[in-house]
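Let's take a friendly walk through this model together. Please keep the sequence and the 3D view open while you read.

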Amino acid sequence: MRKPKAMAAATERATMDHDPVVQGILKAISLKRLRPGMKLGEVELASAFGTHRTHIRQVLSHLGSRDLVTLIPNRGAFVSQPSPQEARAVFATRRILERAAISAAVDNLTPDAARDLKGMLALERAHADHDRWDGLALSADFHLSIARLSGNPVLIKFMEELALRTSLIIAQYEPAGAEDHCPDAHPDIAERVLARDKAGAISAMDRHLTEMEARLKIGSEGGEAVDLAAIFEDLGVIPQKRSRRRVEG
């Protein structure tokens, strides 16, 4: 009965993706408040989110399975630090998969799919000058929308993983103050997909990924002491002046 077990595992993983602690950590990483290499203490996280350490261990294990957190025996959990080689490999893989996604999306384009893609662009434009987290999430969702139009569930899954890994890479290597031009590049890609201009859409996507990679300054960053609770309070992930709860083992 291996199939039911696989389905149960997939359901559990999808549920953990929406866990508030998972989402809080991902938000803090994407907004560069949790930097690669920073330690994620179980006690501190449990206290900050008002939960227990068993829950935090589940969260860290889940993030570890996605290579966003590195778990080191007897030392703890740390935000993963993608090497320069890994960063380049992720972008190289994205180019291959995004080209395949666009090709299939153009082939499978329907009136409903075209309407959904236009809606995605409108939503991204509406949030262009608002919350940075929303903007990053919408930017990633644009690429996932193209993948979903392919109708290939395996490709979609790989793109979801690469989108998360890209967020971590950007958090590590993007210099402070760098401008995000993704909202400017996406309309050109979408318009070419809607026009069924496969070659043009692939070329536009290649340019977009090249520009994303060019913003990154590959180098090492040292760790620093952080107040996890203060970070999550500043981001609105947990309420200000929260009441302390007992941290259970």
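## A residue in a loop, and what surrounds the story

At 41% relative accessibility, Asp-67 counts as partly exposed, a class that lies between buried (under 20% relative accessible area) and exposed (over 50%), with a 1.4 Å probe and protein chains only. Asp-67 sits in the loop between helix 4 and strand 2 (69–72). Its phi is positive, about 65°, although Asp-67 is not a glycine.

Before going on, a word on how to read these values. This is a predicted model, in which local features need pLDDT of at least 70 and side-chain atom pairs count only at pLDDT 80 or more, while totals for chains, interfaces and linings use all residues. Residues are numbered from 1 along each chain as its sequence is written, and side-chain values use heavy atoms, with hydrogens and water left out.

Arg-196 also deserves a look for its backbone. Its phi is near 60°, a positive value in a residue other than glycine. You will find Arg-196 in the loop between helix 9 and helix 10, and with 47% relative accessibility Arg-196 counts as partly exposed.

## The chain as a whole

The protein chain has eleven helices and three strands. Here helices (H or I, at least four residues) and strands (E, at least two) are DSSP runs, numbered from the N terminus. Read from the N terminus on, the elements follow the order α-α-β-α-α-β-β-α-α-α-α-α-α-α. Of the 249 residues in the protein chain, 44% are buried.

Contacts, meaning heavy atoms within 4.5 Å, can also be sorted by their separation in sequence. Among those between residues at least 6 apart in sequence, 77% join residues at least 24 apart.

## Helix 3 against helix 4

How do helix 3 and helix 4 pack, and at what angle? Helix 3 (residues 42–49) and helix 4 (residues 53–65) have axes 9 Å apart and meet at an angle of about 110°. That makes helix 3 roughly perpendicular to helix 4, a label given to angles of 65 to 115 degrees, whereas under 35 counts as roughly parallel, over 145 as roughly antiparallel and the rest as oblique. The axes are lines fitted to C-alpha atoms, for helices over the stretch in contact, and the angles run from 0 to 180 degrees between N-to-C directions.

The crossing of helix 3 past helix 4 is right-handed, that is, the near helix is turned clockwise from the far one by less than a right angle, while an anticlockwise turn would be left-handed. Helix 3 brings Glu-42, Val-43, Leu-45 and Ala-46 to the contact, and helix 4 brings Arg-53, Ile-56, Arg-57 and Leu-60. Sorted by class, this contact has five nonpolar, no polar and three charged residues. In that scheme Ala, Val, Leu, Ile, Met, Phe, Trp, Tyr, Cys and Pro are nonpolar, Asp, Glu, Lys and Arg are charged, and the others, Gly among them, are polar.

## Salt bridges

The structure holds 17 salt bridges, each a side-chain nitrogen of Lys or Arg within 4 Å of a carboxyl oxygen of Asp or Glu. The table lists some of them.

| Pair | Closest N to O distance |
|---|---|
| Asp-107 and Lys-198 | 2.9 Å |
| Arg-192 and Asp-188 | 3.0 Å |
| Arg-207 and Asp-188 | 3.4 Å |

Asp-107 lies in helix 5 (residues 84–107) and Lys-198 in helix 10 (residues 198–214), so their salt bridge ties together parts that are 91 residues apart in sequence. Asp-107 is exposed, at 52% relative accessibility, and Lys-198 is partly exposed, at 27%.

Arg-192 and Asp-188 both belong to helix 9 (residues 182–194), where they are four residues apart, about one turn of the helix. Arg-192 is partly exposed, with a relative accessible area of 27%, and Asp-188 is also partly exposed, at 27%.

The salt bridge between Arg-207 and Asp-188 links distant parts of the chain, with Arg-207 in helix 10 and Asp-188 in helix 9, 19 residues apart. Arg-207 counts as partly exposed at 39% relative accessibility. Which residues are linked in a network of salt bridges with Asp-188? They are Arg-192, Asp-197 and Arg-207.

## One more pair

Ala-140 lies in helix 7 (residues 132–150) and is partly exposed, at 26% relative accessibility. The C-alpha atoms of Ala-140 and Glu-160 are separated by 8.7 Å, and the two residues are 20 residues apart along the chain.
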